[in-house]
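User: I'd like to learn how to read a few features off a structure, one at a time. Could you walk me through this one?

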Amino acid sequence: MATVGDRQIQGTGTTPEAWLQWSGFADMPAVEASQLVPPGHRAVVVAPHPDDEILGCGGLLCLLGELGRRLALVAVTDGDGSHPQSTLWPASRLRNTRPLETREALRRLQLERTTVTRLAIPDGQVSEQEDLLCQRLLDFLTPEDVVFATWRLDGHPDHEATGRAAVEACRVRGARCIEVPIWTWHWAAPGDARVPWARAQRLDLEDDVVALKRQAVNAFGSQLTEDSSTGQGPILPDTVVTRLTRAWEVYLT
């Protein structure tokens with residue numbers, strides 16, 4: 001997997017247990033879904049790849065659906081670059097399958113009516129298409145939107161470019177942008193000085209919401225199973241899923 005600078009997405013990463021033992025989560029200000037997206041505002045999740053919207057924001061999306069908020073998803077890529085050299089999962093199959101997995105995940109969250117806009121920017125090339133992405137977001141957003149995008153320093157080049165484009169589009173449009181760490185939980189350590197913890201807020205999730213989020217994550221079968229054609233393990237092994245299906249989500253506001 002491509003990485004950026006010292007934000008290396010390699011090996012198994014920081015264990016879920018290490019994060020669970022960290023006292024920093026308890027010190028974070030708690031925030032409610034209704035505060036993140038107040039009445040009259042639309043929530044827009046900008047996902048670099050299918051599954052990022054659920055891994056990062058699945059609990060929040062569930063809660064916003066219960067509140068009756070308007071929801072929209074912008075799928076930056078179709079995620080067709082996740083299995084290089086695979087004959088089981090060639091790009092053509094991934095291009096068709098992964099957007100369907102997103103739809104199934106939304107159905108499991110009872111969010112079938114969520115608007116999904118696919119930009120079809122090539123997977124792995126978001127940095128090269130960053131200006132185009134920013135323009136497409138400007139065409140899509142309104143000042144009343146609250147935008148959730150992957151953090152600008154999340155470690156994956158597509159995630160970081162998506163975050164930069166979203167922040168800039170929101171600045172120009174006058175919308176609010178909230179950043180979501182996803183791969184951060186892999187390469188960072190508890191209390192890591194590279195992470196802006198002072199901006200972090202904790203959204204607590206009840207057990208039923210966590211269960212729904214896990215069911216939604218399980219919709220991404222292409223990412224959760226071994227690839228028999230290459231011998232590679234899952235793109236999203238258990239450690240990654242466990243880190244991202246805790247009883248809370250973290251947002252950088």
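User: Let's start somewhere specific: where is the place of Asp78?

Analyst: Keep in mind that this is a predicted model. Asp78 sits in the loop between strand S2 (70-75) and H5.

User: Is Asp78 buried or exposed?

Analyst: Buried, because its relative accessibility is 7% and the cut-off for buried is under 20%.

User: And what does the side chain of Asp78 make a polar contact with?

Analyst: The partner is the side chain of Arg118, at 3.0 Å.

User: Let's move on to charge pairs. What's the general idea?

Analyst: Side chains of opposite charge can pair when their charged atoms come close. In this structure, the count comes to 16 salt bridges.

User: Which residue forms a salt bridge with Glu104?

Analyst: That's Arg107, and the closest N and O atoms of the pair are 2.7 Å apart. Both residues belong to helix H5 (residues 91-108), where they are three residues apart, about one turn of the helix. As for accessibility, Glu104 is partly exposed at 24%, and Arg107 is partly exposed at 42%.

User: Which residue does Glu179 pair with in a salt bridge?

Analyst: Glu179 pairs with Arg152, again with a listed distance of 2.7 Å between the closest N and O atoms. Glu179 lies in strand S5 (residues 176-180), while Arg152 is in the loop between strand S4 (145-150) and helix H7 (157-173), so the pair ties together parts that are 27 residues apart in sequence. On the accessibility side, Glu179 is buried, with a relative accessible area of 2%, whereas Arg152 is partly exposed at 30%.

User: Which residues do salt bridges that share partners join into one network?

Analyst: The network is made of Asp6, Arg7, Glu160, Asp192 and Arg194. One of its links is the salt bridge between the side chains of Arg7 and Asp6, at 3.8 Å from N to O. Within that pair, Arg7 is buried at 14% relative accessible area, and Asp6 is partly exposed at 47%.

User: Now for empty space. How do you look for that?

Analyst: Rolling a probe the size of a water molecule over the atoms shows where empty space is left. For this model, the result is three cavities of 30 Å³ or more.

User: How much space lies in the largest cavity?

Analyst: About 80 Å³.

User: Which residues line the largest cavity?

Analyst: The lining is made up of Leu55, Gly56, Val180, Pro181, Trp185, Lys213, Arg243, Leu244, Arg246, Trp248, Glu249 and Val250. By type, they split into seven nonpolar, one polar and four charged.

User: Which elements each supply at least two residues of that lining?

Analyst: Helix H4 (52-67), helix H11 (238-244) and strand S7 (248-252) do. S7 gives the most to the lining of the largest cavity, with three residues.

User: What about cysteines? How many disulfides does the count come to?

Analyst: Zero disulfides. The way to read that is to take a cysteine and look for the closest sulfur in another one.

User: Why is there no bond for Cys57?

Analyst: Because the closest cysteine sulfur, in Cys177, is 11 Å from the sulfur of Cys57, too far for a bond. The cut-off is 2.5 Å between the two sulfur atoms. Cys57 itself is buried, at 2% relative accessibility.

User: And how far is the sulfur of Cys62 from the closest cysteine sulfur?

Analyst: It's 13 Å, with the closest sulfur in Cys57, so that pair is also too far for a bond. Cys62 is buried as well, with a relative accessible area of 4%.

User: Last topic: residues far apart along the chain. How far apart in space are Leu106 and Val217?

Analyst: Here you compare separation in sequence with separation in space. Leu106 and Val217 are 9.7 Å apart, C-alpha to C-alpha, while 111 residues apart in sequence. Leu106 is found in helix H5 and counts as buried, at 2% relative accessibility.

User: What separates the C-alpha atoms of Gly191 and Trp22?

Analyst: They are separated by 8.1 Å, with their positions 169 residues apart along the chain. Gly191 lies in the loop between helix H8 (184-187) and strand S6 (200-204), and Gly191 is partly exposed, at 41% relative accessible area.

Note on methods. Residues are numbered from 1 along each chain as its sequence is written. This is a predicted model: local features need pLDDT of at least 70, side-chain atom pairs count only at pLDDT 80 or more; totals for chains, interfaces and linings use all residues. Side-chain values use heavy atoms; hydrogens and water are left out. A salt bridge is a side-chain nitrogen of Lys or Arg within 4 Å of a carboxyl oxygen of Asp or Glu. Buried means under 20% relative accessible area, exposed over 50%, partly exposed in between (1.4 Å probe, protein chains only). Helices (H or I, at least four residues) and strands (E, at least two) are DSSP runs, numbered from the N terminus. On a 1 Å grid over the protein atoms alone, a cavity is a set of points where a 1.4 Å probe fits but cannot get out, and a pocket is an open set with protein on both sides within 12 Å along at least five of seven lines; lining residues have an atom within 4 Å of a point. Grid points are joined across faces, edges and corners, and a volume is the space filled by probe spheres set on the points. Ala, Val, Leu, Ile, Met, Phe, Trp, Tyr, Cys and Pro count as nonpolar, Asp, Glu, Lys and Arg as charged, and the others, Gly among them, as polar. A polar contact is a pair of N or O atoms within 3.5 Å; within protein, one must be able to donate a hydrogen and the other to accept it, and residues adjacent in sequence count only if both atoms are side-chain atoms.
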